[in-house]
Amino acid sequence: MDLINIKDLSFSYEAKKDVLKHINLQVKKGSFTCIVGENGSGKSTLIKCILGLNKGYTGEIIKEKHIGYLPQKTDIQTNFPATIEEVVLSGTITNNIRSIFYKKEDRENAKNIMQKLEIYDIRKKCFADLSGGQQQRVLIARSLCATKNLIILDEPTNGLDPSIAKQIYELLDNLKKNENITILMVSHDIERALNYADTVIEIINGEITYSGNPAEFKFGGAR
Ligand code: ADP
């Protein structure tokens, strides 16, 4: 079963034409897919199209209704003046858009997720005071509040020490294996992506140049 099915997707920004060209792509339920490729090749643009943040594309995107999202890191995110618990709970808002109050079931769900990700005991701590790796763990928990099926992450290990980055990959791998969470992530860390992903998609200059298992992947479209 596919949670995402993209048919002949093309996209231009007003200031930049043909950023994505005739993309066809499926994300299977239970898979761990890494999108790789050089900076500026269109990876973030693709996931923003999937999430509905980029409008005006041509082609078709059929997708799972509830998707958790971890955007690329920004200063606003890292300095966010809220507790861990508040940040995690805010992930439920996408499912609860008409109400400014969290429902009991949302709070229960957030509690379970925080327990699984081992951040429940520190839930009253300020998000801004956490290390980069801990912040990403909290933001993964936040993305899980929006979905039981699929999370999309944009370079979640950017700027982290290699040992911490490894922990994040292991956490995602565990979510896939133990919770049946499907993972679609953009990664600049090819080596680790090849280690953990079961599907690799390479985008060069707005086109898919590889889609398949990591074992046969050669970087740079050299096939
Ligand atoms: P990647 O994620 O692979 O680094 P992006 O999807 O961010 O690549 O960018 C693809 C291309 O689109 C780049 O040339 C980038 O400069 C351009 N681009 C990204 N966002 C915008 C925007 N909002 N307006 C105009 N051009 C953009």
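Which residues in H1 are buried? In this predicted model, the buried residues of H1 are Lys 43, Thr 45, Leu 46, Ile 47, Cys 49, Ile 50 and Leu 51; the points below begin with that helix and then turn to the ligand, the cores, the cysteines and some backbone details.

1. Helix H1. The helix spans residues 43–51 and is mostly covered, since seven of its nine residues count as buried. Just after H1, the backbone at Gly 52 adopts a positive phi of about 85 degrees.

2. Ligand surroundings. The residues around the ligand are Tyr 13, Lys 16, Val 19, Glu 38, Asn 39, Gly 40, Ser 41, Gly 42, Lys 43, Ser 44 and Thr 45, and of these Lys 43 and Thr 45 are also listed among the buried residues of H1. Backbone atoms supply several short distances to ligand oxygen: a backbone N or O atom of Gly 40 is 2.7 Å from an oxygen atom of the ligand, the corresponding distance for Ser 44 is 2.8 Å, and for Ser 41 it is 3.1 Å. The ligand taken alone exposes 560 Å², of which the protein buries 64%.

3. Largest nonpolar core. The largest nonpolar core contains 41 residues, and those with the most contacts inside it are Phe 32, Val 88, Ile 140, Ile 151 and Leu 172. At least two core residues come from each of strands E3 (32–36), E6 (150–154) and E7 (182–186), and likewise from each of helices H3 (84–90), H4 (104–116), H5 (132–144), H6 (162–179) and H7 (190–196). Leaving aside residues up to four places away in sequence, Phe 32 touches Tyr 169, Leu 172, Asp 173, Lys 176, Ile 183, Met 185, Tyr 196, Ala 197, Asp 198 and Thr 199.

4. Second core. A separate core of 24 residues is also found, and its members include Leu 46, Ile 67, Tyr 69 and Ile 203. Leu 46 is one of the buried residues of H1. As general background to both cores, nonpolar side chains tend to be buried together in soluble globular proteins.

5. Cysteines. The count of disulfides is zero. For Cys 49 the nearest cysteine sulfur is that of Cys 34, 19 Å away, and Cys 49 counts as buried because its relative accessibility is 1%, under the 20% limit. For Cys 145 the nearest cysteine sulfur belongs to Cys 126 and is 18 Å away; Cys 145 is likewise buried, at 3% relative accessibility.

6. Positive phi outside glycine. Most residues other than glycine have a negative phi, and two residues may therefore merit a look against that background. Asp 18 has a positive phi of about 50 degrees and is found in the loop between strand E1 (2–11) and strand E2 (20–28). Glu 155 has a positive phi near 50 degrees and lies in the loop between E6 and H6, where it is buried, with a relative accessible area of 9%.

7. Asn 5. This residue of strand E1 counts as buried because its relative accessible area of 18% is under the 20% limit. Not counting residues up to four places away in sequence, Asn 5 touches Leu 25, Gln 26, Glu 60, Ile 61 and Ile 62, and a polar contact of 3.1 Å joins its side chain to that of Gln 26. Asn 5 and Ile 67 are 62 residues apart in sequence, with a C-alpha to C-alpha separation of 14 Å; Ile 67 is among the residues of the second core.

Definitions and conventions
Residues numbered from 1 in each chain as written. Predicted model: local features only at pLDDT ≥ 70, side-chain atom pairs only at ≥ 80, totals over all residues. Heavy atoms only, no water. Core = buried A, V, L, I, M, F, W, Y, C linked by side-chain atoms within 4.5 Å. Buried < 20%, exposed > 50% of the residue type's maximum accessible area, 1.4 Å probe, protein only. Helix = DSSP H or I, 4+ residues; strand = E, 2+ residues; numbered from the N terminus. Contact = heavy atoms within 4.5 Å. Disulfide = S-S within 2.5 Å. Near = heavy atom within 4 Å. Polar contact = N/O pair within 3.5 Å; in protein donor to acceptor, adjacent residues only side chain to side chain. Areas by Shrake-Rupley, 256 points an atom, 1.4 Å probe, with all protein chains shown as cover.
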